[in-house]
Amino acid sequence: MEKIKKSKMKANALQLKKSMVVLSSMVEKNIKNQYRRSVLGIVWTVLNPLLNMIVMAFVFSSIFGRADIEMDYPVYVLSGTIVFTLMRVSTSESLTCMVDNYDLLTKTRVPYAVFPVSHTFSSTVNFGFSLIALIIVMLVRIPNGAEFHWTLFMIVFPWLPSLMLFSLGLSFILSSIYVRFRDIKHIYSVFLTLWTYLTPIFYTLSTLNLSETSLKIMNLNPMLHYLNYFRSLIMGVVPSLTEHLICYGVGIFVFAIGLLIFNLSKKKFILYI
Amino acid sequence: MADLIHLTDSADDKSQAAQYVKTGDFELDEDILIDVNDVGMRFRMPTEKIDNMKEYFIKLIKGKLKYRNFHVLDGINLQVRRGESLALIGRNGAGKSTLLRIIAGIIEPTAGFVRTRGNMAPLLKLGAGFDSNATGKENIFLNGAMLGFSKREMQKKYDSIVEFSELKDFMNVPIKNYSSGMLTRLGFSIAVDIHPDILLIDEILAVGDAPFQKKCAEKIDSLRKEGTTFIVVSHSMEQVKRLCQRAVYLKNGKIIQYGTAQEVADRYLKECNEV
């Protein structure tokens, strides 16, 4: 009996090692494929959010820029964009991942969860590059009032894991549904557009002059809380305990639901892909 | 080694087949690498493909969601020991590939279970696990990862893989530009170089040219001498007789004969000629 237990443990350890190796190579593959055959290659991961920010700042600064935003406007826009992009890329790439990797699913022995997880990780790595862009912008904008605070380090922990949990949970849910109903791809893309505009990425809630009720509804958007948390870290403010609880509570809840749905439906994936 | 039991022509007796292909207790006998227990696979096929919500709900409400049960495999019992080479033969749709995929752990059977021991390399499709945009070199590492080997471990194997595949000049070319023969070579070279305990091969060896096929056969022979276990799905009875000791004849999802490769292949050929 002892022997059997040992060999089972060995098998599990091997399986775990396999998953980790596959995961890291998938993440590498995702990132490499993004900018394959482009001249600038990996530089685009920094350049892309930077250029996007410049466009957004250029377009919106005259509309919202003079409003009561405490932060320098380019920094405000860029921080909003990169946080939302982390969630958006992770979920929209994961959405089709089960179907895209049909060959791997049906012909090799890879744990299914590797695919959504790898997309969340690779978009987190991209987020890391975008942080470089953010720091560049902050350095440039020092004369305009951008400041550096020690709280920036809190982005890595505890902020980042909470958003990763949230994105991963959502990725699990979406990729499970997509296997069965391909409509979700189109529904989600419309929903993402709506979500982008409902999240204060380039405006502040106070500029909207919302009534009490609509403000409450806006506050139900989890991305708003992740974003507020992130921005207060840039401003040098440690968020309140409530804000921590909201971010982690939502993150863990969505992750648990996602994992549950994924595990319940994964047995049938192969029949519907 | 187990006695070879040759089921006679009254092989419809399923329980008899079940008895004889079991040779020991998987939990206690470390020599048994694959243990297939009463495995059945049933697909519930909708009579028409529905993949959007509108249709699904309309059909659901109308009560028109109809399914047809389709038994691909039924009551399969099988054990394979270390160093054994087994061929799965049968006509198209007999369930050979499904059984191989269940053994590989890619799909879960709807009935029964499979237990395996050791490291397994499934070679079920040309270039599965390859990324067509990546170069040959990158794919060796990627494929190695799928089989559970880290970059450092693959680095050690890299040279011998390239040498065996004879694709040295093409290592920096994206594999979408490879020919199918080149893909097989690369896939096979990786799979044999990791020295798996179990190698599952699904009809892919027929692709390479004659010299490479010969090289593959030699490699398989040497692996077998080292104690690698094989399960091969093949339609070439010549290949079956040459590579395998034993064979299983599958028909409509059931094992109807288990015996030496020679016998089973002969019976299969005979039945094919009768049709």
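What is the mean pLDDT of chain B, and what share of its residues reach 70 or more? Colour chain B by confidence: the mean comes out at 82, and 89% of the residues get to 70 or more. This is a predicted model, with an ipTM of 0.73 and a pTM of 0.84.

**Stop 1: the ends of the confidence scale**

Keep the colouring on and select helix H1 (residues 14–20) of chain B, where confidence in that chain is lowest, with a mean of 49. Now jump to strand S3 (residues 85–89) of chain B, which has the highest confidence there, at 92. Then select residues 1–19 of chain B: pLDDT stays under 50 throughout, and the model gives this stretch 19 contacts beyond four places in sequence.

**Stop 2: chain A as a whole**

Hide chain B for a moment and switch chain A to cartoon. You'll be looking at eleven helices and zero strands, so to speak a one-letter pattern: α-α-α-α-α-α-α-α-α-α-α. The radius of gyration of chain A is 21 Å, close to the 19 Å that the globule rule gives for 273 residues, so the chain is as compact as a globular protein of that length. Line the view up with the principal axes and the C-alpha trace spans about 70 × 45 × 40 Å. Of the 273 residues in chain A, 37% are buried. Take the contacts in chain A between residues at least 6 apart in sequence, and 82% of them link residues at least 24 apart.

**Stop 3: chain B as a whole**

Swap the chains over. Chain B has nine helices and nine strands. Buried residues account for 42% of its 275. Run the contact count here too: among pairs at least 6 apart in sequence, 73% join residues at least 24 apart.

**Stop 4: where the chains touch**

Show both chains and select the contact between them, which draws 25 residues from chain B and 23 residues from chain A. On the chain B side, pick out helix H4 (residues 136–146), which supplies the largest share, four residues. Colour that side of chain B by residue type and you get 14 nonpolar, six polar and five charged.

**Stop 5: helix H6 of chain B**

Next, select residues 180–193 of chain B. This is helix H6, 14 residues running 20 Å from first C-alpha to last, close to the 20 Å expected at 1.5 Å a residue. Is H6(B) mostly covered or mostly uncovered? Mostly covered, with twelve of its 14 residues buried. Among them are Met182(B), Arg185(B), Phe188(B) and Asp193(B). To see what surrounds them, add strand S5 (120–123), H4, helix H5 (151–165), strand S6 (198–202) and helix H7 (210–226) of chain B, since these are the elements that the buried residues of H6(B) pack against. Step just past the end of H6(B) and you reach His195(B), whose phi is positive, at about 45°.

**Stop 6: the nonpolar core**

Finish with the largest nonpolar core, a set of 133 residues in which Leu200(B) and Ala247(B) touch the most other members. Helix H7 (residues 159–180) of chain A gives this core its largest share, twelve residues. Centre on Leu200(B) and show what it touches, leaving out residues up to four places away in sequence: Leu100(B), Ile103(B), Ala104(B), Met120(B), Pro122(B), Leu123(B), Leu124(B) and Ile231(B).

Key: Residues numbered from 1 in each chain as written. Chains lettered and ligands numbered in written order. Predicted model: local features only at pLDDT ≥ 70, side-chain atom pairs only at ≥ 80, totals over all residues. Helix = DSSP H or I, 4+ residues; strand = E, 2+ residues; numbered from the N terminus. Buried ≥ 20, exposed ≤ 12 C-beta atoms within 10 Å, placed from the backbone. Contact = placed C-beta atoms within 7 Å. Nonpolar A, V, L, I, M, F, W, Y, C, P; charged D, E, K, R; others polar. Expected span 1.5 Å × (residues − 1). Rg over C-alpha atoms; globule rule 2.2 N^0.38 Å. Core = buried A, V, L, I, M, F, W, Y, C linked by C-beta atoms within 7 Å. pLDDT = per-residue confidence, 0-100.
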